[in-house]
Amino acid sequence: MDNKVAIVGFRMAAAPDIEITRERLAFNLTRGLFDDLGIERDDVGTTIICSNDFLDGRTISNVFLDPHVGAYMKDESKVEMDGLNALAYAAMRILSGQYETALVASLGLTGSQASPYLHIEYTMDASYDRPMKLLNELAAAALQAKSYLAEHGYSEGLLDEVAAKDLANAAGNPNQARRMPGITAEQVAASAMYYEPLRELHCYPPTDGGCMMLLASEKKAGELCDKPVWILGMGRSTDNYYLGDRDLATSLSASQAAAKACEAAGIKDPAGEIDFAEISSLFAHQEPLFAEAMGLMESGKAPDAYRAGDTAINGRLPINPSGGPLGGHPISSTGLIRAAETVLQLRGEAGENQVTKADVALVHGQDGLCAQQSVVFVLGT
């Protein structure tokens, strides 16, 4: 990328039930971020709100949040669903040269106020899938898991290993909603069966939460913080809508989005040049599936990589050192939270979950059934 855009600050929160309104959550996070950076609402050039009308239960839901994120009667726009899409939109607005700063605001009260799976059901084909009632988000994810495992001859034990690793990482992360210290692969394997082969601890927990993040141009970033994290590349891709037209054993959207982001960042060998990755894997099988699709892991070698500890916090290429979405999934905010966790690592501020080498990282977000759409960023110091 010729011009530079930096992440200069953020505030995030996640809990099973955050016990405040989305308006109060929006205000608290925004006020906290402004105080961290020593700015006020007039210092923000444009605001991108990421929310979902269906989950919020009201149309044009962003207008009800404008006053609480300091955007009332100011330049503001909206992105539906994952917050990484909003991050891309905000970055493009700064790259246009029209703005020096952009606030990205994302909220999701999926743990306390909305059915986590219902919105996906309403994205399915209304003339066949919905009336048949055979598919839902969990059933589709199970089909994806089965396809991926069968393609490579992997055992279902891989899902237990992935989930145990992520949940152990989440246990050491105070920003996560589901924290289970001492969790083992055996305990994951003993959790309730949802849809074969997916068990309860292979799946994301419905979670409340949000994230506010401020972007700035190169000219402005140095005035706002001492440790700007730069956007080195970004890419986005959407796969076919109908599951029957897609190869569920891999992810075309993740592969194409990562290729675009890495090309923009000048990265030719993701597995060799990326130091760690935060992946929006809503289900355990999606972490190695996406890692293989994005070139972070050799195809067909996922069990070897996990058994060798390559993906652990102290491994060769740590994946989801934060614990990832298995520790919390506030819908609309999960991708942006992955970016915030990446900033913590790149700044050396991730506490006991800090990875050893943190100069260049990949961040992934997803939307739609079985990650129909993916967004990927490459961030660096």
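Reader: Where is alanine 71 placed?
Author: This is a predicted model. In it, look ahead of strand β3 and after helix α2, which covers 53-56. Alanine 71 sits in the loop between α2 and β3.

Reader: Is alanine 71 buried or exposed?
Author: Its relative accessible area is 1%. Buried means under 20%. Alanine 71 is therefore buried.

Reader: Which residues does alanine 71 touch, not counting those up to four places away in sequence?
Author: Set aside the residues up to four places away in sequence. The residues that alanine 71 then touches are Arg41, Thr47, Asp66 and Glu76.

Reader: What separates the C-alpha atoms of alanine 71 and aspartate 208?
Author: Along the chain, alanine 71 and aspartate 208 are 137 residues apart. In space, their C-alpha atoms are separated by 22 Å.

Reader: Which strands stand at the edges of the sheet?
Author: Nine strands form an open sheet with mixed pairing. Their order is β3-β2-β4-β7-β1-β8-β11-β10-β9. Two of these strands each have a single partner, so one side of each is left without a neighbour in the sheet. The edge strands are β3 (76-80) and β9 (276-278).

Reader: What is the average twist from one strand to the next?
Author: Stay with the open sheet of nine strands. From one strand to the next, the twist averages 25 degrees.

Reader: Which residue in β8 is the bridge partner of alanine 6?
Author: Strand β1 (residues 5-15) and strand β8 (residues 229-238) run antiparallel. Two bridges join them. The partner of alanine 6 in β8 is tryptophan 230.

Reader: At what angle to β1 does helix α1 run?
Author: Helix α1 spans residues 22-37. This helix lies across β1, β4 (101-109) and β7 (208-217). Relative to β1, α1 runs at about 140 degrees.

Reader: How many residues of strand β11 are buried?
Author: Strand β11 covers residues 373-380. Gln373, Val375, Phe377 and Leu379 point one way, while Ser374, Val376, Val378 and Gly380 point the other way. Both sets are buried. The count for β11 is eight of eight residues.

Reader: Which residue in β11 does glycine 235 stand opposite?
Author: Strands β8 and β11 run antiparallel. Eight bridges join them. Opposite glycine 235 in β11 stands valine 376.

Reader: Which residue takes a positive phi in the hairpin of β10 and β11?
Author: Strand β10 (residues 360-367) runs antiparallel to β11, and eight bridges join the two. Aspartate 367 stands opposite glutamine 373 in β11. Five residues lie between the strands of this hairpin. The one with a positive phi, near 85 degrees, is glycine 368.

Reader: Which residues is threonine 342 in contact with, leaving aside neighbours within four places in sequence?
Author: Threonine 342 lies in helix α14 (residues 334-346). With a relative accessible area of 0%, threonine 342 is buried. Beyond its neighbours within four places in sequence, threonine 342 is in contact with Phe276, Glu278, Ala361, Val363 and Leu379.

Reader: Why is α3 called roughly perpendicular to α14?
Author: The axes of α3 (residues 83-95) and α14 come within 5 Å. They cross at roughly 70 degrees. Angles of 65 to 115 degrees count as roughly perpendicular. So the relation of α3 to α14 is roughly perpendicular.

Reader: Which residues of α3 and α14 make the contact?
Author: By class, the contact of α3 with α14 has four nonpolar, two polar and no charged residues. From α3 come Gly83, Leu84 and Leu87. From α14 come Gly335, Leu336 and Ala339.

Reader: Are α6 and α12 oblique or perpendicular to each other?
Author: Helix α6 (residues 137-152) and helix α12 (residues 286-293) have axes 10 Å apart. They pack at an angle of about 60 degrees. Their crossing is left-handed. By the angle, α6 and α12 are therefore oblique.

Reader: Which residues in α12 do Gln144, Tyr148 and His152 meet?
Author: Gln144, Tyr148 and His152 belong to α6. In α12 they meet Gln286, Pro288, Leu289 and Glu292.

Reader: Is serine 281 buried or exposed?
Author: Serine 281 is found in the loop between β9 and α12. Its contacts include Asp166, Gln286 and Phe290. At 1% relative accessibility, serine 281 counts as buried.

Conventions:
Residues are numbered from 1 along each chain as its sequence is written. This is a predicted model: local features need pLDDT of at least 70, side-chain atom pairs count only at pLDDT 80 or more; totals for chains, interfaces and linings use all residues. Side-chain values use heavy atoms; hydrogens and water are left out. Axes are lines fitted to C-alpha atoms, for helices over the stretch in contact, and angles run from 0 to 180 degrees between N-to-C directions. Helices (H or I, at least four residues) and strands (E, at least two) are DSSP runs, numbered from the N terminus. Angles under 35 degrees count as roughly parallel, over 145 as roughly antiparallel, 65 to 115 as roughly perpendicular and the rest as oblique. A crossing is left-handed if the near helix is turned anticlockwise from the far one by less than a right angle, and right-handed if clockwise. Contact means heavy atoms within 4.5 Å. Two strands pair if DSSP finds at least two bridges between them. Buried means under 20% relative accessible area, exposed over 50%, partly exposed in between (1.4 Å probe, protein chains only). Ala, Val, Leu, Ile, Met, Phe, Trp, Tyr, Cys and Pro count as nonpolar, Asp, Glu, Lys and Arg as charged, and the others, Gly among them, as polar.
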